[in-house]
Amino acid sequence: MQKRHRSLPLNQLRTFSIAARHSTLTAAARYMGVSQVAVSRQISALEDYLGVKLFERGPRSVRLTDAGRLFGHEVAEAFDKLDDATHRFLSDESSNAINVRIYPTLARHWLLPRLSGFLQRHPDYRIHLDTVVKPLDFRNTELDVAVQLGHGDWSNAKSRKLFEEVIDVVCSPAYAQRMEDAVRQKSLADADLLYAKYRRREWEVWAEHAGAEIDRNRGLEFDSSLLAYNAAELGYGLAIGQIDLLESELADGRLVRPFDNQVRTGAAFYVVWPTMKSASIQVRHFIDWLLEISGEKAEFYR
């Protein structure tokens with residue numbers, strides 16, 4: 001026959017944990033703002049429940065038994081953990097901050113021009129941008145959400161695609177004019193190539209698709225695509241541009257696409273959030289907004 005489950009007397013356990021920590025019923029009663037008689041009754045009821053004496057009662061004093069001392073230590077630890085978990089949860093739910101990991105280039109060219117729309121909708125929310133470029137791992141961080149380039153396979157996380165990565169060569173109008181013959185012949189032999197440190201391979205992807213030869217020993221390398229795009233705009237050479245990030249620069253003519261040969265790399269930009277913790281209301285609103293401006297269906301509030 002299955003053993004009947006007995007509900008834990010949580011009020012009595014809480015009272016006992018406080019009494020055990022304060023060593024006297026009087027001190028526990030003062031801490032709880034109740035009478036000593038009320039504390040004594042709660043502990044007596046717990047002793048009846050357990051079938052064990054937790055306090056030795058003398059004419060003028062009480063003291064913990066050995067069993068009470070051991071049990072009191074364990075119960076106090078359990079309630080401390082409950083208190084900590086509750087306070088963390090309330091802190092997370094009441095905080096209006098959203099900690100976002102995003103690439104500097106993506107933040108500058110895509111997120112920041114649109115972010116005012118989100119802040120107008122949620123004026124009490126605060127956005128913290130973390131622009132560190134390194135593999136995404138939510139463990140041991142305070143990150144709530146990230147926008148990353150990849151294939152949707154991050155560990156301990158859930159993701160939704162925002163838009164695919166589409167690349168093409170970009171440069172200033174003046175540099176394109178200087179390279180007019182080379183562009184017509186699809187030759188990059190004499191071109192100044194601008195490389196982003198973490199995206200060198202995209203030059204090879206583009207060149208293979210275009211049937212063009214590139215000299216990997218020529219050109220300048222930058223720590224970020226942001227600097228490579230700035231250098232291209234200033235006329236230093238040709239950069240591989242992520243087309244969706246350069247809409248403004250291409251629209252107003254600061255940059256041009258001399259070869260007009262866009263390539264889908266197979267990767268995409270995703271919004272990613274950890275599965276180790278529950279997404280707060282603020283984070284859910286932010287994720288849904290990112291999906292909305294990308295033309296995708298909402299994840300949380302449909």
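Is Asn156 buried, partly exposed or exposed? Select Asn156 and keep that question in mind while you get your bearings. One thing to know before you start: the model on your screen is predicted.

**Stop 1: two loop residues with positive phi**

Asn156 sits in the loop that joins strand 5 to strand 6. With a relative accessible area of 38%, Asn156 is partly exposed. Look at the backbone here too: the phi angle of Asn156 is near 55°, a positive value in a residue that is not glycine.

Now select Asp260, in the loop between helix 10 and strand 10. Asp260 is likewise no glycine, and its phi is positive, at about 45°. Asp260 counts as exposed, because its relative accessible area of 57% is over the 50% cut-off.

**Stop 2: Gly150 in strand 5**

Go back to strand 5 and pick Gly150, which belongs to this strand. Gly150 has a relative accessibility of 12% and counts as buried. What does Gly150 touch, if residues up to four places away in sequence are not counted? Show Ala267, Ala268 and Tyr270 to see these contacts. Then draw a distance from the C-alpha atom of Gly150 to that of Glu164: the two are 14 residues apart along the chain and 9.5 Å apart in space.

**Stop 3: the largest pocket**

Next, select Tyr103, Leu149, Tyr198, Arg199 and Glu202 together. You are now looking at the middle of the largest pocket, which has a volume of about 650 Å³. These five are the closest to the pocket centre among the 30 residues that line it.

Which elements each supply at least two residues of this lining? Colour helix 5 (104–121), strand 5 (145–150), helix 8 (201–210) and strand 10 (263–274) to find them. If you colour the lining by residue class instead, you will see 14 nonpolar, eight polar and eight charged residues.

**Stop 4: the largest cavity**

Keep Arg199 selected, since Arg199 is also one of the residues that line the largest cavity. Add the rest of the cavity lining: Leu194, Tyr195, Ala196, Trp203, Ser225, Ala228, Tyr229, Ala239 and Ile240. Strand 7, helix 9 and strand 9 (238–242) are the elements that give two or more residues to this lining.

The volume of the largest cavity is about 50 Å³, and a search of the whole structure finds one cavity of 30 Å³ or more. By class, the cavity lining has eight nonpolar residues, one polar and one charged.

**Stop 5: the nonpolar cores**

Now hide the pocket and cavity residues and show Phe286 with its side chain. Leaving aside neighbours within four places in sequence, Phe286 is in contact with Ile98, Val100, Leu111, Leu115, Phe118, Ile127 and Val145.

Which members of the largest nonpolar core touch the most other members? They are Ile98, Val145, Phe286 and Leu290, out of 26 residues in this core. To see where the core residues come from, display strand 3 (97–102), helix 5, strand 5, strand 6 (157–170), strand 10 and helix 11 (281–293), each of which supplies at least two of them. Another core, of 23 residues, lies apart from this one; Ala207, Ala210, Ala212 and Val263 are among its members.

**Stop 6: salt bridges**

Finish with the charged side chains. How many salt bridges does a search of the whole structure find? The count is 20, and a few are worth a visit.

Begin with Arg200 and Glu221, whose closest N and O atoms are 2.7 Å apart. Arg200 lies in the loop between strand 7 (193–196) and helix 8, while Glu221 lies in strand 8 (residues 220–222), so this salt bridge ties together parts that are 21 residues apart in sequence. Both ends are partly exposed: Arg200 has a relative accessible area of 30%, and Glu221 has one of 46%.

Move on to Arg254, which forms a salt bridge with Glu233 at 3.8 Å, N to O. Arg254 is in the loop between helix 10 (247–251) and strand 10, and Glu233 is in helix 9 (residues 225–233), so here too the pair ties together parts 21 residues apart in sequence. Arg254 also meets Asp252 in a salt bridge, with an N to O distance of 2.9 Å. Arg254 is partly exposed at 31% relative accessibility, as are Glu233 at 28% and Asp252 at 45%.

For a last selection, choose Glu47, Lys53 and Arg57, which are linked in a network of salt bridges.

Conventions
Residues are numbered from 1 along each chain as its sequence is written. This is a predicted model: local features need pLDDT of at least 70, side-chain atom pairs count only at pLDDT 80 or more; totals for chains, interfaces and linings use all residues. Side-chain values use heavy atoms; hydrogens and water are left out. On a 1 Å grid over the protein atoms alone, a cavity is a set of points where a 1.4 Å probe fits but cannot get out, and a pocket is an open set with protein on both sides within 12 Å along at least five of seven lines; lining residues have an atom within 4 Å of a point. Grid points are joined across faces, edges and corners, and a volume is the space filled by probe spheres set on the points. Helices (H or I, at least four residues) and strands (E, at least two) are DSSP runs, numbered from the N terminus. Ala, Val, Leu, Ile, Met, Phe, Trp, Tyr, Cys and Pro count as nonpolar, Asp, Glu, Lys and Arg as charged, and the others, Gly among them, as polar. A salt bridge is a side-chain nitrogen of Lys or Arg within 4 Å of a carboxyl oxygen of Asp or Glu. Buried means under 20% relative accessible area, exposed over 50%, partly exposed in between (1.4 Å probe, protein chains only). Contact means heavy atoms within 4.5 Å. A nonpolar core is a set of buried Ala, Val, Leu, Ile, Met, Phe, Trp, Tyr and Cys residues joined through side-chain atoms within 4.5 Å.
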